[in-house]
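Here are a few exercises to work through at your own pace, each with a solution in steps. Have the model open beside you and try each task before reading on.

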Amino acid sequence: MSNDQTPNLPAENARREAVREKAQQVKARQTRARIVRRSLVTIGAVAVVAIGAAGVTYALSSRDGRSQALPDAASDDGFVVTAATGIADPRADQTVDGNASALAAEATPTETPTPTPTPSTTAAPVDIRVYVDYLSTEAREFQLANAEQLSKWVSQDAASLTYYPVAMLTSKSNGTKYSLRAAGAAACVATHASDKFFAFNHELLVNQPAVDSDGYSDEKLADMAQGAGVSDPDTVRACIEDETFTSWAKAATDRAIKGLPDTKGQALTATPTVLVNGTPYVGRMDDPKEFAQFVLTVDSNAYYSTATPTPTPSATPAG
């Protein structure tokens, strides 16, 4: 009787093949799961990057939009006064930080003033340009002393008056950059309510905050613009509180420091800088008579009328 001990090779091979196939199936499933996980992670990362990029793009575009905002009313960074009305009497006691009352008292005449000469309306208007920093005490003195006669000259078409808001004293307001913000606020009023620019400009100068104080907030500046009587206070307020033109004001100041337009190489070194037909005024800022005489002297080729009429020679009788 024979005993066959040869193993059952076909069955063993089949079992090994089944195990191998199952292992390959498990490996394939794991590979697919790993690919799916990687894909989800990649998609998530791309989404996060895309969202971040969109946020950065929006922030940059918003900032660029603000930095590129230019006041349409500006001509060579200045604003021509179209209506010189609506200013308060500079002798009124409008005390702000203790400054206004003192200068107002100085502006009050103690005796009957001598009339100052007035440019003639028959000649070409005198070109008067004033570079102002709204934190400059001398700019305030000039405005207090000369606002009334400047207003008269403009209303009579005897002078063309342009103000250039600049920010030379930005560092003199405890980090609030008041000079810069005030210049931007003036640009907002000039752009959206040009007929009230002279009044707002006057208000900023006459009721000027003290140097080395915080100055006015954007909200207060908007209140002052509304008090000046702008016709669209919401638009002006949004412009001021968004600081729409502060970047322009900084750039305009930098341009003025490099050189003033239509001058022979002159540059802004201090405020106020007052030019009459391109010639800088170097007299007293608080003396309206001296400034009026300077205006007449500079425009020597024009005809002027004075407070004292010139006698007309009588005809010589025929002999």
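For sorting residues by class, Ala, Val, Leu, Ile, Met, Phe, Trp, Tyr, Cys and Pro count as nonpolar, Asp, Glu, Lys and Arg as charged, and the others, Gly among them, as polar. This is a predicted model, in which local features need pLDDT of at least 70, side-chain atom pairs count only at pLDDT 80 or more, and totals for chains, interfaces and linings use all residues. Residues are numbered from 1 along each chain as its sequence is written, and side-chain values use heavy atoms, with hydrogens and water left out.

**Exercise 1. Describe the lining of the second largest pocket.**

Step 1. A pocket is found on a 1 Å grid over the protein atoms alone, as an open set of points where a 1.4 Å probe fits, with protein on both sides within 12 Å along at least five of seven lines; lining residues have an atom within 4 Å of a point.

Step 2. Thirteen residues, written 13 in the count, line the second largest pocket, and Thr269, Ala270, Pro272, Thr273 and Pro280 lie nearest its centre.

Step 3. By class, the lining holds nine nonpolar residues, three polar and one charged.

Step 4. Look at proline 272 again: the peptide bond leading to it from threonine 271 is cis, with omega near 0°. Proline 272 sits in the loop between helix H8 (246-258) and E5; helices (H or I, at least four residues) and strands (E, at least two) are DSSP runs, numbered from the N terminus.

**Exercise 2. Place strand E3 (residues 126-132) among its partners.**

Step 1. Six of the seven residues of E3 are buried, so the strand is largely enclosed by the rest of the structure. Buried means under 20% relative accessible area, exposed over 50%, and partly exposed in between (1.4 Å probe, protein chains only).

Step 2. Two strands pair if DSSP finds at least two bridges between them. E3 runs parallel to strand E4 (residues 159-165), joined to it by seven bridges, and isoleucine 128 is opposite leucine 161 in E4.

Step 3. Between E3 and E4 the chain passes through helix H3 (residues 137-155), in a right-handed β-α-β crossover. Right-handed here means that, with the strands pointing away from the viewer, the path from the first strand over the helix to the second runs clockwise.

Step 4. With strand E5 (residues 273-276), E3 pairs in the antiparallel sense over four bridges; there, tyrosine 131 has threonine 273 as its bridge partner.

**Exercise 3. Which residues are linked with Arg237 in a network of salt bridges?**

Step 1. A salt bridge is a side-chain nitrogen of Lys or Arg within 4 Å of a carboxyl oxygen of Asp or Glu.

Step 2. Arginine 237 meets aspartate 223 at 2.6 Å, N to O. This pair links distant parts of the chain, from helix H7 (residues 233-241) to helix H6, 14 residues apart.

Step 3. Arginine 237 also bridges to glutamate 241, with the closest N and O atoms 3.0 Å apart. Both of these lie in H7, four residues apart, about one turn of the helix.

Step 4. The network therefore joins Asp223, Arg237 and Glu241. Aspartate 223 is partly exposed at 36% relative accessible area, and glutamate 241 is partly exposed at 35%.
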